[in-house]
Amino acid sequence: MEIIDEPNDKSFKSFLDYYFSDLFFRNGNYFNFEGNLTRKRFWLGFLCMVIAYSLLYALFCLLFGGRYDWSWFAKTLYSIAQIALAIPLIAAEVRRLHDAGKTGYWILLGLIPVVGWILVIIMLLRDPGYYTQPGHKDI
């Protein structure tokens, strides 16, 4: 796994290229569930993805009116766009779990409402070597 240094240029375009485009869409990362992802890069990429979801929602509200006024076509199109954005985010979460010393299957804990979400977030927040330290207690 090649480690890419942070960009020297601190512009917004450079930020988006490094934490959004490169992280999720370039170099085959759209379906890349292998390798590691640092905590900083994951959470800043996650922030970019939240912004992308918000912009998508705002665009659909502008085009099709309020959410409850959407036609079946708009709802279907919006669902497809959400799934298209969710796939690289799930891949990034799996790579982040690998960096924390867990397998990607731990993401399935997120299927358990509330408790599972909290446990997955805790694992995503952990230091890279936390789970490989002697004497740690597994979640």
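A salt bridge here is a side-chain nitrogen of Lys or Arg within 4 Å of a carboxyl oxygen of Asp or Glu. Keep that cut-off in mind for the second view; every view below comes from a predicted model.

**View 1. The whole chain is built from four helices and zero strands.** Starting at the N terminus, the elements follow the order α-α-α-α. Of the 139 residues in the chain, 30% are buried. The chain exposes about 8,900 Å², and carbon and sulfur atoms account for 67% of that area. If you like contact maps, here is a number to go with the picture: among contacts between residues at least 6 apart in sequence, 57% join residues at least 24 apart.

**View 2. Glu93 is a buried acidic side chain without a salt bridge.** This residue belongs to helix α3, which spans residues 72-99. Which side chain of opposite charge is nearest to Glu93? That is Arg96, and it lies 11 Å away, so the pair does not meet the 4 Å limit for a salt bridge. Once neighbours within four places in sequence are set aside, the contacts of Glu93 are Phe42, Ile107 and Leu124.

**View 3. The largest nonpolar core brings together 25 residues.** Phe20, Phe24 and Met49 have the most contacts inside this core. Two or more core residues come from each of α1 (12-25), α2 (39-64), α3 and α4 (115-125). Helix α3 gives the most, with seven residues. As background, nonpolar side chains tend to be buried together in soluble globular proteins. Zoom in on Met49 and you will find it touching Phe20, Phe24, Leu85, Pro88 and Leu89, with residues up to four places away in sequence not counted.

**View 4. Val114 has a positive phi of about 60° although it is not a glycine.** For comparison, most residues other than glycine have a negative phi. Where does Val114 sit? Its place is the loop between α3 and α4. Is Val114 buried or partly exposed? Its relative accessibility is 47%, so Val114 counts as partly exposed.

**View 5. A nonpolar patch on the surface includes Val114 and Trp117.** The other members of the patch are Ile112, Val115, Ile118 and Ile122. Together, these six side chains have about 550 Å² of accessible area. Trp117 is found in helix α4. With a relative accessible area of 47%, Trp117 is partly exposed, and therefore passes the patch requirement of over 30%.

Definitions and conventions
Residues are numbered from 1 along each chain as its sequence is written. This is a predicted model: local features need pLDDT of at least 70, side-chain atom pairs count only at pLDDT 80 or more; totals for chains, interfaces and linings use all residues. Side-chain values use heavy atoms; hydrogens and water are left out. Buried means under 20% relative accessible area, exposed over 50%, partly exposed in between (1.4 Å probe, protein chains only). Lys and Arg count as positive and Asp and Glu as negative; His and the chain ends are not counted. Contact means heavy atoms within 4.5 Å. A nonpolar core is a set of buried Ala, Val, Leu, Ile, Met, Phe, Trp, Tyr and Cys residues joined through side-chain atoms within 4.5 Å. Accessible areas come from the Shrake-Rupley method with a 1.4 Å probe; for residues, only the protein chains shown count as cover. Patches are made of residues with over 30% relative accessible area and no salt bridge: like charges are joined within 9 Å, nonpolar side chains (Val, Leu, Ile, Met, Phe, Trp, Tyr) within 5 Å.
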